[in-house]
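Let's take a relaxed walk through a protein and its ligand. Keep the picture open while you read.

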Amino acid sequence: MTIAEAYSKYAKLAKEKDIYSMDVRRLLVHYEHLRDQLDVITEGKREMQNLPAFEEGMKRLLNDEPVEYIIGEAEFLTRKLKVDRRVLIPRLETEELVATFSERIGDYFNPRNMLAVADIGTGSGCIAIAVKDSFPNFFVYASDVSSDALEVAKENLAGSGEEITPLLGDALEPFIKSGRKLDVIISNPPYITEGEYVQPSVTNFEPESALLFKEDDNVYQKILSRLDEVKKGPIVLFFEISPELVDYLNKLMVKYLKDYSYEFMEDSNGFVRFLVIDVN
Ligand SMILES: C[S@@+](CC[C@H](N)C(=O)[O-])C[C@H]1O[C@@H](n2cnc3c(N)ncnc32)[C@H](O)[C@@H]1O
């Protein structure tokens, strides 16, 4: 079977299951060691060299498994990161969170200073690496409560060539315990609320501990309630959020913060997706 024949056969099957044909091309690039998706066309006449492995990958794709887990890699801004089922696949919204951070940080601090920045709930390490890529002078921490997730983050941190400090622990605890003080927190915590529709490819494959928000046990509350213990002066928080959580987060700020200002911001799809809080 040629690459073109394999693509034609499996793109048809994928379409029947509402799976993007782009994902079939990504599998072909991976298993046939092509340079990029254009090669699926330009190298189309070439015989498949790894047909059984590609077909095994296709079986997983047709079973709704995200293509990133099958190929073990996800793109985030300028980076390719290792991912597997221990970590969330980085999303476009989180690229926007990092863009918001980059645009706004200069409103609060001189970005030439060596700011201490914590990415809490780092997962694959995508946010920490992107922040360090843009601001090499910042001191960046990447923390997660899941030791499984932090193992993946550590591999990506090491592969990035950036100096980033990984920390294991619940929300601010590893910082409080080690006496580390922060200027900025950036976090994309679990925020899917009960009853919210989530695609089966997400719920069946991505780690539940990375997805689900619980009102009595969540990262937003854990951070806001103990902020004083990690502040060295004014501190700025950049959160990714669910639009469903706006009321809850307003109440949380009133409960735990005193001298602060905040802004909810929309993502490019028009959903309230980010919360920036400036605490004096
Ligand atoms: C939505 S994922 C985000 C992963 C990554 N930052 C990203 O944007 O792709 C949330 C992450 O927070 C971690 N997490 C959940 N509860 C936590 C807690 N209490 N303290 C620290 N990390 C936590 C999960 O293990 C998961 O890796």
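A residue is near a molecule if its C-beta atom, placed from the backbone, lies within 6 Å of it. With that in hand, 24 residues surround the ligand, and the closest are Gly121, Gly123, Val145, Asn188 and Ala210.

Before going further, two notes on the model. It's a predicted one, where local features need pLDDT of at least 70 and side-chain atom pairs count only at pLDDT 80 or more, while totals for chains, interfaces and linings use all residues. Residues are numbered from 1 along each chain as its sequence is written.

**Around the ligand**

What is the shell around the ligand made of: nonpolar, polar or charged residues? There are 13 nonpolar, eight polar and three charged ones. Here Ala, Val, Leu, Ile, Met, Phe, Trp, Tyr, Cys and Pro count as nonpolar, Asp, Glu, Lys and Arg as charged, and the others, Gly among them, as polar. Helix 7 (126-134), helix 11 (208-211) and helix 12 (219-225) each put at least two residues into this shell. Helices (H or I, at least four residues) and strands (E, at least two) are DSSP runs, numbered from the N terminus.

**The whole chain**

The protein chain has 13 helices and nine strands. Its radius of gyration, taken over C-alpha atoms, is 21 Å, close to the 19 Å that the globule rule (2.2 Å times the number of residues to the power 0.38) gives for 280 residues, so the chain is as compact as a globular protein of that length. Along the principal axes, the C-alpha atoms fill a box of roughly 65 × 40 × 30 Å.

An automatic or database domain assignment sets the domain bounds: domain 1 covers 3-63 and domain 2 covers 90-279. Their centres, taken over C-alpha atoms, are 36 Å apart.

**What's tucked inside**

A residue is buried if 20 or more other C-beta atoms lie within 10 Å of its own, exposed if 12 or fewer, and partly exposed in between, with C-beta atoms placed from the backbone. By that count, 36% of the 280 residues are buried. Helix 7 is mostly covered, with seven of its nine residues buried; among them are Cys126, Ile129 and Lys132.

In soluble globular proteins, nonpolar side chains tend to be buried together. A nonpolar core is a set of buried Ala, Val, Leu, Ile, Met, Phe, Trp, Tyr and Cys residues joined through C-beta atoms within 7 Å. The largest one here has 60 residues, and Val117, Val131, Ile185 and Phe238 touch the most other members. Helix 7 gives the most to this core, with six residues. There's also a second, separate core of 14 residues, including Ala6 and Met58.

Two residues are in contact if their C-beta atoms, placed from the backbone, lie within 7 Å. Leaving out residues up to four places away in sequence, Phe238 touches Leu97, Thr100, Phe101, Ile186, Phe274 and Val276.

**Three residues to find**

| Residue | Place | C-beta neighbours inside 10 Å | Counts as |
|---|---|---|---|
| Ile105 | helix 6 (residues 92-108) | 22 | buried |
| Asp64 | loop between helix 4 (51-62) and helix 5 (67-71) | 16 | partly exposed |
| Leu77 | loop between strand 1 (73-76) and strand 2 (79-82) | 16 | partly exposed |

Ile105 and Val184 are 79 residues apart in sequence, with 8.9 Å between their C-alpha atoms. Asp64 has a positive phi, near 80 degrees, in a residue other than glycine. Leu77 isn't a glycine either, and its phi is positive at about 50 degrees.
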